[in-house]
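Subject: Handover of a structure

Hello,

I am passing this structure on to you, with notes on what was found in it. Please read them with the sequence and the model open.

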Amino acid sequence: MNSVQLIGRVANDLELKYIRGKEGDFATLKFNVAVTKDKDKTNFIPIRVLGKLAENLVNYQKKGSLIGIQGSIEIDQYEDKDGNKRSNTYVLANGIEYLEKRETSGEVNKTEKGYVGTQQMQFDRSDYPFYD
């Protein structure tokens, strides 16, 4: 079983990118989530989000927002231009929970916490050109 659940804060500005796929363009998003390990240690976990899940996250959350992430650990292996073997490890999100309520002005209200939305995505590797 390859399953990950994290709660943390969005650590950087969210910038949506589009990649051309078999069925047209689809959204991709890469960012880090800051997860507090203990009072003196915070880990910054790389996250990737695809499709509508990525589009919704960019529309409703921002740097500093508290979110919950469900997903799986993925490892991309490749050779760099010098022929050295490299790898990238990240969490591929298939579900995100927004853990802070938003005020009517669109700003996140950091004092009133609660679930404001859960988004789930069925992930089929054949939908994405970079997966075999």
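A residue counts as buried under 20% relative accessible area, as exposed over 50%, and as partly exposed in between. Tyr 60 has a relative accessible area of 42%, so Tyr 60 is partly exposed. Please keep in mind that this is a predicted model.

Overall layout

The protein chain has one helix and seven strands. Along the sequence they follow the pattern β-β-β-β-α-β-β-β. The chain has 132 residues, and 38% of them count as buried. Its accessible surface is about 8800 Å², with 44% of that belonging to carbon and sulfur atoms. If one takes the contacts between residues at least 6 apart in sequence, 54% of them join residues at least 24 apart.

The core

Which residues have the most contacts inside the largest nonpolar core? They are Phe 31, Ile 47 and Val 49, in a core of 20 residues. At least two residues of this core come from each of E1, strand E3 (24–38), strand E4 (41–50), helix H1 (51–60), strand E5 (66–79) and strand E6 (85–102). E3 gives the most, with five residues.

Phe 31 is worth selecting in the viewer. Setting aside neighbours within four places in sequence, Phe 31 is in contact with Val 10, Asn 12, Leu 14, Ile 45, Pro 46, Ile 47, Val 49, Leu 57, Ile 67 and Ile 69.

Val 10 can be looked at from the other side of that contact. Val 10 lies in strand E1, which covers residues 4–10. With a relative accessible area of 2%, Val 10 is buried, because the limit for buried is under 20%. Apart from residues up to four places away in sequence, Val 10 touches Phe 31, Asn 32, Val 33, Lys 62, Lys 63, Gly 64, Ser 65 and Ile 67. Val 10 and Ile 45 are 35 residues apart in sequence, and their C-alpha atoms are 9.9 Å apart in space.

Another buried residue is Leu 53, with a relative accessible area of 3%. Leu 53 is found in helix H1. The C-alpha atoms of Leu 53 and Gly 95 are separated by 7.7 Å, while the two residues are 42 residues apart along the chain.

Salt bridges

Side chains of opposite charge can pair when their charged atoms come close. How many salt bridges does the structure hold? There are five, and these notes go through some of them.

Asp 76 forms a salt bridge with Arg 48, and their closest N and O atoms are 3.0 Å apart. The pair links distant parts of the chain, with Asp 76 in strand E5 and Arg 48 in strand E4, 28 residues apart. Is each partner buried or partly exposed? Asp 76 has 25% relative accessibility and counts as partly exposed, whereas Arg 48 has 18% and counts as buried. Arg 48 has a further partner: its charged end sits over the ring of Tyr 90, 3.8 Å from the ring centre.

Asp 25 and Arg 20 also meet through their side chains in a salt bridge, at 3.4 Å from N to O. Here Asp 25 is partly exposed at 48% relative accessibility, and Arg 20 is exposed, with a relative accessible area of 65%.

Asp 80 and Arg 86 make a salt bridge as well, at 3.1 Å from N to O. Arg 86 counts as partly exposed, at 41% relative accessibility.

The aromatic pair

A pair of aromatic rings is described by the distance of the centres and the angle of the planes. The structure holds one such pair. Tyr 60 and Tyr 98 form it, and the pair is tilted, with 6.4 Å from centre to centre and 35° between the planes. Tyr 60 lies in helix H1 and Tyr 98 in strand E6, so the pair ties together parts that are 38 residues apart in sequence. Tyr 60, as noted at the start, is partly exposed. Tyr 98 is buried, with a relative accessible area of 5%.

Where to start

Three places make a reasonable tour: Phe 31 with its contacts, including Val 10 and Ile 47; Arg 48, with its salt bridge to Asp 76 and its place over the ring of Tyr 90; and the tilted pair of Tyr 60 and Tyr 98.

Regards

Conventions
Residues are numbered from 1 along each chain as its sequence is written. This is a predicted model: local features need pLDDT of at least 70, side-chain atom pairs count only at pLDDT 80 or more; totals for chains, interfaces and linings use all residues. Side-chain values use heavy atoms; hydrogens and water are left out. Helices (H or I, at least four residues) and strands (E, at least two) are DSSP runs, numbered from the N terminus. Buried means under 20% relative accessible area, exposed over 50%, partly exposed in between (1.4 Å probe, protein chains only). Contact means heavy atoms within 4.5 Å. A nonpolar core is a set of buried Ala, Val, Leu, Ile, Met, Phe, Trp, Tyr and Cys residues joined through side-chain atoms within 4.5 Å. A salt bridge is a side-chain nitrogen of Lys or Arg within 4 Å of a carboxyl oxygen of Asp or Glu. Accessible areas come from the Shrake-Rupley method with a 1.4 Å probe; for residues, only the protein chains shown count as cover. Rings of Phe, Tyr and Trp (its six-membered ring) pair if their centres lie within 6.5 Å; planes under 30 degrees apart count as stacked, over 60 as edge-to-face and the rest as tilted. A charge sits over a ring if NZ of Lys or CZ of Arg is within 6 Å of the ring centre and within 35 degrees of the ring normal.
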